[in-house]
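Please read the following walk through this structure with the sequence and the 3D view side by side. The text begins with a covalent link, moves on to rings and backbone, and ends with a pocket.

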Amino acid sequence: QVQVVESGGGLVQVGGSLRLSCVASGSSFNTDRMAWYRQAPGKQRDLVASISSGGSTNYADSVKGRFTISRDGAKNTVYLQMNSLKPEDTAVYYCKADMVVLQTLYVYWGQGTQVTVSS
């Protein structure tokens with residue numbers, strides 16, 4: 001019954017900005033690490049950014065300095081602020097939520113939101 005839902009995607013011009021949101025719901029347990037991945041047509045799904053329950057972050061080299069991942073106080077929502085967007089950022093962006101329960105890792109994926117950066 002755990003749901004991970006992304007929102008905020010859309011069409012933006014080169015150099016523009018978008019803010020993606022991801023909400024994980026349906027569980028009484030808090031999420032541990034949450035992350036954003038992206039997948040362009042014909043490409044593998046790659047990690048964009050991740051954030052731990054303690055707030056530590058990790059970014060792909062390609063987005064460092066341009067993207068910022070954050071989470072709210074309830075720690076069930078994660079955001080991806082994307083600035084200075086480039087055409088190569090065009091992809092479906094997926095949210096992933098990790099939960100550790102009784103030393104078992106559970107991974108939940110959203111269905112993705114399309115981000116298109118036009119030149």
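The sulfur atoms of Cys22 and Cys95 lie 2.0 Å from each other and form a disulfide, and the model in which this bond is seen is a predicted one. In general terms, a disulfide is a covalent bond between the sulfur atoms of two cysteines. The bond connects distant parts of the chain, since Cys22 belongs to strand S3, residues 18-25, while Cys95 belongs to strand S9, residues 91-101, and the two cysteines are 73 residues apart. A search of the whole structure finds 1 disulfide, and the angle about its S-S bond, -80 degrees, makes the link of Cys22 and Cys95 left-handed. As for the surroundings of the two cysteines, Cys22 is buried, and Cys95 is buried as well.

Strand S9 also holds Tyr94. Is Tyr94 buried or exposed? Its relative accessible area is 13%, and because buried means under 20%, Tyr94 counts as buried. A residue from elsewhere in the sequence comes into view here, for Tyr94 and Tyr37 are separated by 57 residues along the chain, yet their C-alpha atoms are 5.0 Å apart in space.

The aromatic side chains can be taken next. A pair of aromatic rings is described by the distance of the centres and the angle of the planes, and in this model the count comes to 1 aromatic pair. Two arginines also sit over aromatic faces: Arg19 lies over the face of Tyr79, at 3.9 Å from the ring centre, and Arg45 lies over the face of Trp109, at 4.8 Å from the ring centre.

Following the chain out of strand S9 leads to a loop with some backbone angles that deserve a look. Leu102 lies in the loop between S9 and strand S10, which spans residues 104-109, and Leu102 has a positive phi of about 50 degrees although it is not a glycine. Gln103 is found in the loop between S9 and S10 too, and its phi is near 65 degrees, again a positive value in a residue other than glycine. How far are these side chains open to the outside? Leu102 has a relative accessible area of 79% and is therefore exposed, the cut-off for that class being over 50%. Gln103, with a relative accessible area of 81%, is exposed as well.

Other loops can be read in the same way. The loop between S3 and S4 contains Ser27 and also Asn30. Ser27 has a relative accessibility of 32%, so it counts as partly exposed, whereas Asn30, at 55%, counts as exposed. The C-alpha atom of Ser27 is 5.9 Å from that of Val2, a residue 25 positions away along the chain. Asn30, by contrast, has its C-alpha atom 33 Å from that of Val117, and these two residues are 87 residues apart in sequence. A further loop, between strand S7 (67-71) and strand S8 (77-82), is the place of Ala74. Ala74 is partly exposed, with a relative accessible area of 46%, and its C-alpha atom lies 30 Å from that of Thr116, the two being 42 residues apart in sequence.

The last stop is the largest pocket, which has a volume of about 170 Å³. Among the 15 residues that line the largest pocket, those closest to its centre are Arg38, Ala40, Lys43, Asp46 and Glu88. Which strands supply at least two residues of this lining? Strand S4, residues 34-39, and strand S5, residues 46-51, each do so, and the largest share of the lining, 3 residues, comes from S5. Sorted by chemical character, the residues of the lining divide into 7 nonpolar, 4 polar and 4 charged.

Taken together, the walk has passed from the disulfide of Cys22 and Cys95, by way of buried Tyr94 and the exposed loop residues Leu102 and Gln103, to the largest pocket with its volume of about 170 Å³.

Definitions and conventions
Residues are numbered from 1 along each chain as its sequence is written. This is a predicted model: local features need pLDDT of at least 70, side-chain atom pairs count only at pLDDT 80 or more; totals for chains, interfaces and linings use all residues. Side-chain values use heavy atoms; hydrogens and water are left out. On a 1 Å grid over the protein atoms alone, a cavity is a set of points where a 1.4 Å probe fits but cannot get out, and a pocket is an open set with protein on both sides within 12 Å along at least five of seven lines; lining residues have an atom within 4 Å of a point. Grid points are joined across faces, edges and corners, and a volume is the space filled by probe spheres set on the points. Helices (H or I, at least four residues) and strands (E, at least two) are DSSP runs, numbered from the N terminus. Ala, Val, Leu, Ile, Met, Phe, Trp, Tyr, Cys and Pro count as nonpolar, Asp, Glu, Lys and Arg as charged, and the others, Gly among them, as polar. A disulfide is a pair of cysteine sulfur atoms within 2.5 Å. Buried means under 20% relative accessible area, exposed over 50%, partly exposed in between (1.4 Å probe, protein chains only). Rings of Phe, Tyr and Trp (its six-membered ring) pair if their centres lie within 6.5 Å; planes under 30 degrees apart count as stacked, over 60 as edge-to-face and the rest as tilted. A charge sits over a ring if NZ of Lys or CZ of Arg is within 6 Å of the ring centre and within 35 degrees of the ring normal.
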